[in-house]
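User: Hello! I am new to this structure and would like a friendly tour in questions and answers. Could you show it to me before we begin?

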Amino acid sequence: MSLLDAFKPLHAGMIDWRHDIHRHPELGYQETRTAAKVAGLLRGFGCDAVVEQIGGTGVVGVLHQGDGPMIGLRADMDALPIPERNDFDHQSVHPGVMHACGHDGHTAMLLGAARHLAATRRFQGSVVFIFQPAEEGLAGARAMIEDGLFERWPVEAVYGLHNLPGLPAGSISVSPGPQLAAADKLFIEIMGRGAHAAAPELARDPVLAGAAAVQALQQIVSRNVSPAETAVISVTCFNAGETFNVLPDGATLKGTVRYFSSETGDLVRNRIAQVLEGIALAHDVSITLDLQRGYPATVNSAPQADFARGVARTLLGEDLAPPQEPRMIAEDFSLMLQVKPGAFGFIGNGQSPSLHNPRYEFNDAILPIGAAYFCALAETALRRPPHG
């Protein structure tokens, strides 16, 4: 029996787990029900150790099978503050909260892998199942690491998997090097002097200064960043004024800065500060910049990424294991990769609404494939010696 065939009897159970988690979504560091469900299932599967409240609401399950290496497999558990607009039976029962990024599916896939590996134990060493809280902007990976995750379970490598709408359903894509961008948060406050709109000469117009800032920030990437590098500056929020005939005292702008290399990030941050300083002088306003570091870039270790892609090819065939092009979205699995070697991959969700969309839905058909991939990573990395 192939590994994929072995998951056919488990498929319905994984769907039930996912639908239950989807129906009861929980935001970052509030995943108490989800964590309790995960811990209960891991104990029921026969895990040798199950530890809760790692990094707040994180859960770790461990399987030991003789002496050997230790590897980590990670899934995230948190939902998003988005009102669900689906109308199926397992839609969210919590208004304003839904699993719009597929973390319910990631959790179900890793649970399926844990169940199979606990039953078969076709490996030599230890598998650590990491169920992480608070990936969505709250750095649950950092919380688990600071709570001793890798000191207590010193894995040799760690692997993660995220679904991706638009990628063919069930395909698995993983490549070495930068995969996801660093994501900084941009906050700009402009203070001028308000006046009647009919007398602009009496004002120091923060709206005009803000408009100049938006345009100037867009030129940083095109004129300061090498075409061989990649960066994005997006101003996504501009708030100023309350009525049609009054120039306001102030304006606020928000946005995001994305990049892959730390050198590019340093360059862009320095240029943002310099550009805003010039705009403040030119418009006779004061500008306060708050540029907050977010998640670092997700950079796959070459040996582990090549290994993971080889596993995917063996499991699915060449056509369903394509290389992965870097994307400008961000992920806190990057924090784990700063501590341990490993690889982050994508599993195709097929043609579905995008991530973070109120009509997004994880594709249940890919649950056995993701679970089999996790199992194949463990069994291949911890292959039992021939005499075992």
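**A tour of the two sheets**

Analyst: Seven strands make an open sheet of mixed pairing, in the order β1-β2-β4-β3-β5-β15-β6. Strands β1 and β6 (172-173) are at its edges with a single partner strand each, so one side of each has no neighbour in the sheet. For the terms, helices (H or I, at least four residues) and strands (E, at least two) are DSSP runs numbered from the N terminus, and two strands pair if DSSP finds at least two bridges between them. This is a predicted model, in which local features need pLDDT of at least 70 and side-chain atom pairs count only at pLDDT 80 or more, while totals for chains, interfaces and linings use all residues. Residues are numbered from 1 along each chain as its sequence is written, and side-chain values use heavy atoms, leaving out hydrogens and water.

User: How many helices and strands does the chain have?

Analyst: The chain has 388 residues, of which 55% count as buried (under 20% relative accessible area, with exposed over 50% and partly exposed in between; 1.4 Å probe, protein chains only). Its C-alpha atoms fill a box of roughly 85 × 45 × 40 Å along the principal axes. The count of elements is eleven helices and 15 strands.

User: In β4, which residue is the bridge partner of V59?

Analyst: Strand β2 (residues 58-65) is mostly covered, with six of its eight residues buried. Five bridges join β1 (residues 49-54) to β2 in the antiparallel sense, and seven bridges join β2 to β4 (residues 125-132), also antiparallel. The partner of V59 in β4 is F131.

User: Which residue in the turn between β1 and β2 has a positive phi?

Analyst: In the pairing of these strands, V50 has G61 of β2 as its bridge partner. β1 and β2 form a hairpin with three residues between them. The turn residue with a positive phi, about 65°, is G55.

User: In which sense do β3 and β5 pair, parallel or antiparallel?

Analyst: Strand β3 (residues 70-76) and strand β5 (residues 157-165) share four bridges. One point of reference is G72, whose bridge partner in β5 is V158. The sense of the pairing is parallel.

User: What is the strand order of the open sheet of four strands?

Analyst: The pairing in this sheet is antiparallel. Its edge strands, β10 (231-240) and β13 (286-292), each pair on one side only. The twist averages 15° from one strand to the next (axes are lines fitted to C-alpha atoms, for helices over the stretch in contact, and angles run from 0 to 180 degrees between N-to-C directions). The order is β10-β12-β8-β13.

User: In β12, what is the bridge partner of D184?

Analyst: Strands β8 (residues 182-191) and β12 (residues 250-259) pair in the antiparallel sense over ten bridges. The partner of D184 in β12 is V257.

User: What angle does helix α7 make with β10?

Analyst: Helix α7 (residues 206-224) packs on the sheet and touches β8, β10 and β12 (contact means heavy atoms within 4.5 Å). The direction of α7 makes with that of β10 an angle of about 170°.

User: Within what arc do the buried residues of α8 fall?

Analyst: Helix α8 (residues 262-283) lies across β8, β10, β12 and β13. Its buried residues include V268, I272, V275 and I279. Seen down the axis, the buried residues line one face of the helix, because the arc that holds them (taken from the directions from the helix axis to the C-beta atoms) is 135°.

User: Is F238 buried, partly exposed or exposed?

Analyst: F238 is found in strand β10. Among the residues F238 touches are V207, V214 and L253. With a relative accessible area of 33%, F238 is partly exposed.

User: What is the relative accessible area of Q179?

Analyst: Q179 has its place in strand β7 (residues 177-180). Its contacts include F260, N300 and F344. Q179 is buried, and its relative accessible area is 1%.

Conventions: Lists of a residue's contacts leave out its neighbours within four places in sequence.
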